[in-house]
Amino acid sequence: MAEEGAEVCNKQIIFRDYITGFPKESDMVLSSSKMSLKVPQGSKAVLVKNLYLSCDPYMRNRMEKPDKSKLISQTCKLCSYSFGSLLIGFVLLGVAKVIDSGHEEFKEGDIVWGRTGWEEFTLLTELETLSKIKYTDLPLSYYTGVLGMPGLTAFVGFYEVCSPKEKEYVFVSAASGAVGQLVGQFAKLTGCYVVGSAGSKEKVDLLKNKFGFDEAFNYKEEPDLDAALKRYFPEGIDIYFDNVGGTMLDAVLLNMRLHGRIAVCGMISQYSLDNPQGIHNLTNLISKRIRMEGFLVFDYIAVQPKFEEQVHRYLKEGKIVYVEDTVNGLESAPAALVGLFTGRNVGKQVVAIEHL
């Protein structure tokens, strides 16, 4: 247990004010405050030292006013941040070490994962998302990515929403990111033909040479996305895993096959636009009998045990690989978040507070 009366200076990333447009580092402030290293007497809370924190595009939507956000609604469990408050994730955000505990299920020294904040130490009072890490034979940071929320997103989005079949044609946008890199590998394991798009030569090479995509292209070098998709999919697309929305989604609609499926996971190209781009080719949903479905990962939390066991096995057997882009120190977190919207990261963006 922590020494009685011990205090630390707890560094935190504070949200400055509601934003419009692209996020900036100045929208977030590094602050600090004194914090006790003891759980209040009689409390069931758990005090943790954060080790690895996730950095995800959805955080941008929570920086808008509640009446402006494109994702915040009464039907969505994501709520806006309050300005002047700590940046907090929603599920499975961080990996941490228990420092002190008033809860019988968690002991000092336990390595856990779950909802936490962008700070060095967090006193957790809502423990429904907190779990002990099951597999310690892999990097602990994987629980912010491949074994955490992004991995579960890829797993349920592909297998549950897309209902893939062997030999189908699969296209993944933002394919080198935290979710896309896994979707492509799941598709290859299913026996599909897979093409991914990304925003640099480095990322395209990664898709083909490390993740095993059949083909990949740099969308920034394609003046006509419809022509590019016809080049890579002369027989059309059965499954599109959409992470970007906008003009890419519009072009894909022209190239879908009969009874194709589109899983709408994210629309990162639209989050920072005051006037999101319209989609013009929606009549293809009718003529081609396409099923297009949006989804949120916390609707599938019951799948977590099955997902974790299966993906752990894939990783140990070398059937899938995972790439992380790690920055060190809490002070690096704002730049890491901003970089997600300019394509600066290669792979899952992780903030390492302390390596373990």
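Contact means heavy atoms within 4.5 Å. Residues in this predicted model are numbered from 1 along each chain as written, and side-chain values use heavy atoms, without hydrogens or water. Local features need pLDDT of at least 70 and side-chain atom pairs 80 or more, whereas totals for chains, interfaces and linings use all residues.

Q: Which strands and helix do the buried residues of α5 pack against?
A: Helix α5 (a DSSP run of H or I, at least four residues; strands are E, at least two; both numbered from the N terminus) spans residues 225-232, and L225, A228, L229 and Y232 are its buried residues (under 20% relative accessible area, 1.4 Å probe, protein chains only). These residues cover an arc of only 95° around the axis, taken from the directions to the C-beta atoms, and therefore lie on the same side of α5. Their packing partners are β8 (169-172), β9 (193-198), β10 (215-218), β11 (237-242) and α6 (246-255).

Q: Which elements do the buried residues of α3 pack against?
A: Helix α3 (residues 180-190) is largely enclosed by the rest of the structure, because 8 of its 11 residues are buried. Those residues are G180, Q181, L182, V183, G184, Q185, F186 and A187. They pack against α2 (149-161), β8, β9, β11, α8 (304-316) and β15 (348-352).

Q: Which residue just after α3 takes a positive phi?
A: Helix α3 covers residues 180-190. Just beyond α3, a positive phi of about 90° is taken by G191.

Q: Which residues of α8 make the contact with α2?
A: The two helices pack at an angle of about 100° with their axes 10 Å apart. On the α2 side the contact is made by G151, L152, F155 and Y159, and on the α8 side by Q304, K306, F307, Q310, V311 and Y314.

Key:
Buried < 20%, exposed > 50% of the residue type's maximum accessible area, 1.4 Å probe, protein only. Axes fitted to C-alpha atoms, helices over the stretch in contact; angles between N-to-C directions.
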